[in-house]
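Subject: Structure for you to look through

Dear colleague,

Please find below the structure that I promised to hand over. Once you have had a look at the sequence and the model, the notes underneath will take you through what was found.

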Amino acid sequence: MSRRTLVALIIAGQLLFMAGLIARQEYKWRAWRTIQLRVVPLDPVALFRGRYVHLTYDFSVLSARGEDWKRGETVYVRLKPQGDGTWKAAEVSRTLDQQPEEVLLRGMVVHAYGGRVFLRTGIESYFMSERKAPEIERLSPQKYDMRVDVAVSNDGRAALKQLYIDGIPAEDFQPRPRE
Amino acid sequence: MNSSSTEHLPPVNVPLLLGVLGAVLLGEGVMLFISSNWRAIPMGAKLVLIFGNVLGSYLLAYRMKFAARPRSGFASALFLKGAIGYGAGIFLIAQIYNFHADWRAGLIYWFVGALPLAYAVDSRPVLALSLGTLVLWTISKFDYFGREVFLLLPWLGGLLVLAAVVHWARLFPRFGGTYFMTGACLILIPTLFLSWGNVARGWVGFEWSAEFQSLAVALAGVYVILLVATALVLRTGGDRALRLLVLFLPIALLPTIFLASKPSREAVGDGFLLLVNLLLFAECLGLIFLGAAGRTRAVVKLGGTVLVLLTVCRFFDGYWYYLPRSVVFLLLGLSLMVAAFLWERGRRKTAEAES
């Protein structure tokens, strides 16, 4: 193989890999089941990617219930539907045994101490413009209805789709003037 | 070091240097521009911008590199810009599609994509970029409480030093320096950190994560493979300095191997700290000799810089009493003066004999 061909193949490989990242996420968004979850946003900055809203869920910190959870352990959060169209965490388990009318969300134990388990499910970052992200972070969860659309696979993997504030996509949302 | 090194250092390639700096600035500019997540740009346009940046840089670089009259310096800068754009593209796609789960994987994808390109286009800046992403991944992946990462970095450094020897002796002699400087920094800086009394004592009895243990075992496996490769390569090529380097390399990793084996707090006492300090002192001297033997100024400067940092750290380190510190400083200082005198005398005699 000539050096020219080798260089061309490596460049093509890089471009295909980037395209694959897009195709994979598009597939998740289209093929997986979409559910809504309530969130509380924070506003940090990510290396190479700019500002994002860090989303906290009702299952981000759970009670350990006397069990010994190890850092890095894979767990499944059992979600039950609520009357308002959202899904809420009922319990956390180590096994993937999905019951009817349930959605399981796969997560990883980040820390476990003080009788609490801190989980990460991979849907904690919602990227926004550098001007909009701090605005969203300042909104009070008590005053605004904050939800996300999440695509979930049968084995509990999740992909974040859209953040809504009072039913409006977060990018288009204008906070109410102070009362 | 490489026996083919010349007596006179090559002139600095200013156009290449400016081109590389320009490529880095352009790459950073594109990254910042898309990171700003400017709402006026639709998603499709952002993707076109990301792919266009990578493809455009590579196409231009390809044309310059393989033209009838190649412009290698500028092509190298453009390949670097393309490789930066590739890594930036991974993270910016992650931004557009809200990936979060282990974002550090992006750094490994970057490393895996850029490393073969460095060899294919024979570009040291692209090699430095790919090694940088590997180091950044190790730091970001194992930064819990700052413990695991300071043990893993020297081990990774050891692998890179071995890789440098293989490159110098046989593979790509031009790449040896980049591997060596990265590897040496990864060994020296964490060891300098460990030479502080309270820091080293903070390591003992720590419960290592499963990921750390897996990676440690993997690194040990790669080390053995590289050691065998190095031994085979040095059997047929390479000079005495390289053989000594391979022989003494494991000694430089001993403090971190000792700490990883979870010793008791008492074990990390004054004796351990004294040995770490003396070891680092010896490593710096070794680098200076190695650099002088191969006439590689950067290696001499690295050894000298860390040696100065070590002495400054110990001068202000309140962990030790003044009296023992003064005795060690006096003894080491005197030894260096005697060594300098003997070396200079030997050099004069050689010069006189030659004339």
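**What was found**

Chain A holds two helices and 13 strands. Please keep in mind throughout that this is a predicted model, and that the values below were computed from it.

**Chain A as a whole**

Taken along the principal axes, the C-alpha atoms of chain A fill a box of roughly 65 × 45 × 30 Å. Of the 179 residues in this chain, 30% count as buried. If you look at the contacts in chain A between residues at least 6 apart in sequence, you will find that 64% of them join residues at least 24 apart. The domain assignment splits chain A into domain 1, covering 1-31, and domain 2, covering 33-172, and the centres of these two domains, taken over C-alpha atoms, are separated by 30 Å.

**The sheet of chain A**

Nine strands of chain A form an open sheet with mixed pairing, and their order is β5-β9-β8-β6-β7-β1-β11-β12-β13. The edges are taken by β5 (61-63) and β13 (168-169) of chain A, and because each has a single partner strand, one side of each is left without a neighbour in the sheet.

It may help to follow a few of the pairings one by one. Strand β6 of chain A, residues 74-81, runs antiparallel to β7(A), and six bridges join the two; within this pairing, A:Pro81 has A:Trp87 in β7(A) as its bridge partner. The hairpin of β6(A) and β7(A) has four residues between the strands, and in this hairpin A:Gly85 takes a positive phi near 90 degrees. On the other hand, strand β1 (residues 33-38) of chain A and strand β7 (residues 86-93) of chain A pair in the parallel sense, over two bridges, and A:Gln36 stands opposite A:Thr86 in β7(A).

Further along the order, strand β11 (residues 146-152) and strand β12 (residues 158-165) of chain A pair in the antiparallel sense over seven bridges, and here A:Val148 has A:Leu163 in β12(A) as its bridge partner. Lying across β11 and β12 of chain A is helix α1 (residues 3-31) of chain A, which runs at about 70 degrees to β12(A).

**Where the chains meet**

How many residues of chain B are in contact with chain A? There are 36 of them, and they are in contact with 31 residues of chain A. On the side of chain B that touches chain A, at least two residues are supplied by each of α1 (14-35), α2 (43-65), α3 (72-96), α4 (105-121) and α9 (210-236) of chain B. The helix that gives the most to this side is α3(B), with nine residues. By residue type, the side of chain B that touches chain A divides into 25 nonpolar, nine polar and two charged residues.

**Inside chain B**

Chain B is divided into domain 1 (13-106) and domain 2 (142-316), and the C-alpha centres of these domains lie 33 Å apart.

Two helices of chain B are worth following on the model. Helix α6 of chain B, residues 148-169, has 22 residues and reaches 32 Å from its first C-alpha to its last, close to the 32 Å expected at 1.5 Å a residue. This helix, α6(B), is mostly covered, with 21 of its 22 residues buried. For α7(B), the 22 residues should likewise span 32 Å at 1.5 Å a residue, and its end C-alpha atoms are 32 Å apart, which agrees. Because 16 of the 22 residues of α7(B) are buried, this helix is largely enclosed by the rest of the structure.

Is B:Tyr179, which lies in helix α7 (residues 173-194) of chain B, buried or exposed? B:Tyr179 counts as buried because it has 23 C-beta neighbours inside 10 Å, where the cut-off for a buried residue is 20 or more. Leaving aside its neighbours within four places in sequence, B:Tyr179 is in contact with B:Leu160, B:Ala163, B:Ala164 and B:His167. The C-alpha atoms of B:Tyr179 and B:Leu127 are separated by 8.6 Å, although the two residues are 52 residues apart along the chain.

B:Leu47, by contrast, lies in helix α2 of chain B and counts as partly exposed because it has 19 C-beta neighbours inside 10 Å. From B:Leu47 to B:Tyr319 the separation is 272 residues in sequence and 55 Å in space, C-alpha to C-alpha.

With best wishes

Methods. Residues numbered from 1 in each chain as written. Chains lettered and ligands numbered in written order. Predicted model: local features only at pLDDT ≥ 70, side-chain atom pairs only at ≥ 80, totals over all residues. Domains from an automatic or database assignment. Buried ≥ 20, exposed ≤ 12 C-beta atoms within 10 Å, placed from the backbone. Contact = placed C-beta atoms within 7 Å. Nonpolar A, V, L, I, M, F, W, Y, C, P; charged D, E, K, R; others polar. Expected span 1.5 Å × (residues − 1). Pairing = 2+ DSSP bridges. Axes fitted to C-alpha atoms, helices over the stretch in contact; angles between N-to-C directions.
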